Structure formats: structure tokens, C-alpha cells
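Hi,

Here is the structure I promised to pass on. Have a look at it first, and my notes follow underneath.

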Amino acid sequence: MTTTPVTPTTPITPSTVGDDAEAVPQDLTVDRRWFLSRMAGVWAAAGAGSLLGAGALAAPVLAHGGGGSAGSVWETAYAPTIRRAALLDPTELTISEAAAAFRRRLLDPVELMESYLDRLDRYDGVYQAYLWRPSNAELLASARRVRITSKSTPLAGIVTAEKDNFYTKDIPTTGMSPVYAGFVPEYDSTVHARLQAAGTIMMGKAAMGPLASGRARLPDGTATTVNAWTPDDIRYSPSGSSGGTATAVAGRLATAGTGTQTGGSITSPSTAQNLTGLKPTFGRASLYGIIPLTFTRDHPGPLARDAMDAAIMLQSFAGPDRNDPRTLGMPPVPNLVKAATVHRYKGRPKVRWATTVGYPPDFLDESNAETSALRHQLLQTLTSVGCRVSEVPYPDGWDLLSGLSSTAGEATNMFLPQLRRDVSLFADRLPGFLNGMFRSSDNYMKMLQARYQFLHLVLTGIFDRCDVFLTGTVFDGIGLPLIAFPYGTGVDGTTGLTVPRGTTLGAPPFGEERLLAVVAAYQAVTEHHLRRPPDPTVTAGARRAGAYKVPADYDATDET
């Protein structure tokens, strides 16, 4: 069915917005030829870091300013108002709100930690969001050591969940797989080290899909972590390998968390659990000290409650790292927090920069009335905050090139020593890894060529017509930034349960600013991101008695 593009009555331009509108930063436009050649070099050198011994690598640079002095970066990170309901239950607070409450002496880190521990003791037996965590006494002691001063970052005293593939010194890091059973790193990942330097308190290591694939499950296929929105029905997946982090944040067992994405594992659990998840441009954040799946498609990023929180998290750990050549030579990290700060014109929220939001012809799928209505409303709301929205047709070759990128060969290469030692360690992940062993170098080179051709197609056939694009995970393979955010709720056709609905925006290389600005404006006039899931009613014992096994024909690549 042909649809009519939704367009604003008056497209936003510098002249229509007024003198207080900001010009589009020059670094939002990246020369395509430069990017192609640059990323070719980065991808070619991507494996260098893992070939060196840990002792040969420098310590992560922790004094990261994210594009300016600490004061200028964090200036607008503190919420101007704090919801009363969130103060009554601090686990409802966003990072921005909690940081503002700390500064105003309305709350202290110990009170915040106590609120989280209360929920964790009551509910994590059902959620099973965490694989490992410190004792309550250790966590409270960490909270007591936090001192909020004028020099503190907004993350000081904030409770986080970190996916169990991020190295944590002297703390188990298993990737929820027998391959890494008993592994205790001797150093921190760069992301973890930078978050700790910013003052976060790690509640624990979040459950994940084994070796970053599919939902969290045991080697025999028994599902563990539930979706926080369907805590009494384990059949509904938390979605993606970062599902443990998503459940911890959505279920109010942490304020924000970290995840990794190779094929949707930040954006997918975010859309499934009503979160705002940001996958940055490949190379924007360091992969040093993260259990790898591939050299060319892995991305670390935040799972948070809104655009501002996602910006605060990424601002704290993005940037060059001498230990990861993939991060070197990139454009400087801009002020992401400012980009996520709600811009207003005549008192009303407006998108910070003139922006065209493109959507594909199949976005307004009339075959599903519920989804179609929600998406029409999404486009209308984006229009109301000054975006121009327009249908952008898929360019010729899209179907072929978007489906050719694969991780099988790369993932197999990463784990050849372990595969040769004991294939049983890979449990239900084994077929995918064995498949990669039968791929020829010619096959792999063709896949890489297709990846570059698809990148060229996207830059010249999509982003010549719009600034951001409503899309899925096909941008993962070409390293482009994505942000997922909620736009409503609907009824799941299998379970009949009310679940969140979300979508994903993609941007050209290093377009995180634009993505944050659009979502921040949208969230300023909607309340979807403020919805919280119901608390569990079943007990942990009942959950174990009703254990659910992932079907034998389950394809973990669907949720990588």
C-alpha cells in the first residue's frame, strides 16, 4: 500500500527557529571518501591489540574529557527538575535526576544503594539479571566512600550493571560460557576502568547470551534471565545477548548499564524492555578488555532510561585508547551531553539541529494496525518537535547487500584454540562456530567486499536524502551509529502480554550527536520512556520449577 510521507507544516530551518538555534556542527558531516579509506585501515588493523600480550599494552587513559573540559562537558547533565515519584522511590531516578538530587542534598549515594539492594533482594531471584555481584555490605561500603563535590561527575555514586564480557580485575568474567569458566582477569576493560574513574558503583556482572549470542541461558539450553516486562512468563525473551543488562536497568536493579553489539544486542534488548540504547560508531569506544566475538563488528555501548543518560554514559568512556588501534585517529568525541540536552524555542522543545528523519517504504506496515498506528504517531510527534520526516526508498541492491554480512568466519577464528581443545565447551553455540570453519578465504573476502559496497550504498543512497534513518540492525556490519528508543506499548501475539514497542534510528559515521538530539526532543514531549514494568508476582522457586528450555532449533544469530 502506498503511504503519504508525513511532513511538518513549517520545516525547521535556522531562519524559522530563531537566533537561539545552533548551527549544525561541521563535524556532523564526514567526507565519505575519507571515511571509507579510514575505516578500511582501521578494520585491517583491528586485530592488532589481541595479538599483543597484556603486559605490552598501556593502561587506559582515564582522564577523558569528551571534547572539552570536565565542567563544560557535564554542565547540562543535571536534571533541572526531579520527579517527585522518583524521589519517593530512588530506583526510579535517571542518572541525570540522581546526580541532581545528590548535588541538592535531596538524596545521598547510600540511600540510593539501599533502595536498589532492597529490590535486588526481593526480585533478582526471579529476574536472574546478575551472574555475580559483591555482597550487600561491600556495595554499601562503596556507596559510603562516595563524596559528592563540585568536581564530581554526574556518574558519582550511580549504580550500574556491566555485561559479563567486560573484563573486571580480580572479578570473574565468564561470557556466560564454559569456555571462560573460572576466568578472572588481571586488568579492567577500558570501558569499566573509565566508568569506575567517573565514580560509578558496579552492582554486578550481568547475565548474557553465551559468548554474546542470543538470550541468557545455561549450557543445556535452560533460559535464565527473564524480560523485566514479562517477569512471570519466561518464554518472552529479554532479547539479545545484553539482555541481563537490559533486565537489570528496566527492572530497577541498576540505573544504567553496559552492553555490546555485534548484530543487535544493544538495540534489540532496549526496544524489548523500554530502554534507550546507544550503539556508537565503530571505533568510537574501546573494545580493549572485552571478550571478543569479531574484530570488525563488535561495539560497546550504554543501555539507559533516556537519551540524556545514554549520552552521560557514552561521554564517560568514549574516545581514543592506546590499547585499541580501532579507536585511534577518529574525530574527537563531541559534547554528547549537550546534544542530549533538550533545546527549546519559545518555551517549546525543538530538535537542536534542522533534521530530516527518513523512513523506509515498509516502516508504516499497514498489515499490522496496532504497529502502524504507533508508527504514524511517532512520525507526527517527530514533526511536532521540528523534524522533517520523509519516506526514503531502499536503493537498488539493498536486499542483496544488506543480507550478505556475516560474523561466522570471524567468530570461529577468534576461538580456534578453544575449539581445537574441547568443542563441548561451546554447547548450543557449536554449530555456528563449526559453520565458520568451512568458510573459504575467498568466501570471506567476498563478504568483506559486499560490506564495503553496502556502506557505500547507505552513504550515497540513504544519507544523501536524510540525516537519520529509521532502520534495523543492518547498519551493525558497516559500523554506523544506532539509537533505540520506545514509542509505545502493544500486545504480544503469543503470550497476550502488554510489552514495549521501540524503534531504531541510524546515522552516518560519528552521528551520535544528531541521534541524541532527535531522541531527546522526542522524549521531551512523550512519556513512553518513563513507563516501568510490573514487579514479579511469582517466586524464585516457582520460576526454577517451571524452567524453560530454549528450543533445539533456536537460532542464536537472530539475537546476536
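**What I found in it**

Let me start with a backbone oddity: right after helix H5 comes Arg-105, and its phi is positive, near 60 degrees. Bear in mind throughout that this is a predicted model.

H5 itself (residues 95-103) is mostly covered, with eight of its nine residues buried. The buried ones are Ile-95, Ser-96, Glu-97, Ala-98, Ala-99, Ala-100, Ala-101 and Phe-102. What do they pack against? The buried residues of H5 are packed against three helices, H4 (84-88), H6 (109-127) and H11 (307-317), and against strand S4 (256-261).

**More positive phi values**

As you know, most residues other than glycine have a negative phi. Two loop residues join Arg-105 on the list of things to check by eye. Met-176 is not a glycine, yet its phi is positive, near 50 degrees. You will find Met-176 in the loop that runs between strand S2 (159-163) and helix H8 (190-198). Is Met-176 buried or exposed? Its relative accessibility is 13%, and the cut-off for buried is under 20%, so Met-176 counts as buried.

Ala-212 is the other one: again no glycine, and its phi is positive at about 65 degrees. The loop in question here lies between strand S3 (201-206) and helix H9 (243-250). With a relative accessibility of 8%, Ala-212 also falls under the 20% cut-off, and therefore counts as buried.

**The sheet**

Now for the sheet. In what order do its strands run? There are 11 of them in an open sheet with mixed pairing, and the order is S1-S3-S2-S4-S6-S5-S12-S13-S11-S9-S10. The edges are taken by strand S1 (130-132) and strand S10 (388-391); each has a single partner strand, so one side of each is left without a neighbour in the sheet. On average, neighbouring strands are turned by 35 degrees against each other, direction ignored. H6 packs on this sheet and touches S1, S2 and S3, and its direction makes about 20 degrees with that of S3.

Going along the order, S4 and S6 are joined by five bridges and run antiparallel. One pair to look at is Thr-258, which stands opposite Pro-302 in S6. Strand S6 (residues 299-304) is mostly covered: six of its six residues are buried. S5 and S6 are also antiparallel, with two bridges between them, and here Gly-277 stands opposite Leu-303 in S6.

Strand S5 (residues 276-279) is in turn joined to S12 by three bridges, again antiparallel. Gly-277 comes up a second time here, with Ala-484 as its bridge partner in S12. If you want a single residue to centre your view on, try Gly-277, given its places opposite Leu-303 and Ala-484.

Next come S12 (residues 482-491) and S13, which pair in the antiparallel sense over nine bridges. Thr-489 stands opposite Pro-500 in S13. These two strands form a hairpin with six residues between them, and Gly-496 in the turn has a positive phi of about 75 degrees. How many residues of S13 are buried? Strand S13 (residues 498-506) is mostly covered, with seven of its nine residues buried. S13 also pairs with strand S11 (residues 468-470): two bridges join them, and they run antiparallel. There, Leu-470 stands opposite Leu-505 in S13.

**On the surface**

There is also a nonpolar surface patch of about 400 Å², made by Val-423, Leu-434, Met-437 and Phe-438. Val-423 sits in the loop between helix H16 (416-421) and helix H17 (430-437). Its relative accessible area is 38%, so Val-423 is partly exposed.

**Overall numbers**

For the protein as a whole, the secondary structure comes to 20 helices and 13 strands. It has 560 residues, of which 61% count as buried. Among contacts with a separation of 6 or more, 77% are between residues 24 or more positions apart. The accessible surface comes to about 21,500 Å², and carbon and sulfur atoms hold 53% of it.

Cheers

Definitions and conventions:
Residues are numbered from 1 along each chain as its sequence is written. This is a predicted model: local features need pLDDT of at least 70, side-chain atom pairs count only at pLDDT 80 or more; totals for chains, interfaces and linings use all residues. Side-chain values use heavy atoms; hydrogens and water are left out. Buried means under 20% relative accessible area, exposed over 50%, partly exposed in between (1.4 Å probe, protein chains only). Helices (H or I, at least four residues) and strands (E, at least two) are DSSP runs, numbered from the N terminus. Two strands pair if DSSP finds at least two bridges between them. Patches are made of residues with over 30% relative accessible area and no salt bridge: like charges are joined within 9 Å, nonpolar side chains (Val, Leu, Ile, Met, Phe, Trp, Tyr) within 5 Å. Accessible areas come from the Shrake-Rupley method with a 1.4 Å probe; for residues, only the protein chains shown count as cover. A salt bridge is a side-chain nitrogen of Lys or Arg within 4 Å of a carboxyl oxygen of Asp or Glu. Contact means heavy atoms within 4.5 Å. Axes are lines fitted to C-alpha atoms, for helices over the stretch in contact, and angles run from 0 to 180 degrees between N-to-C directions.
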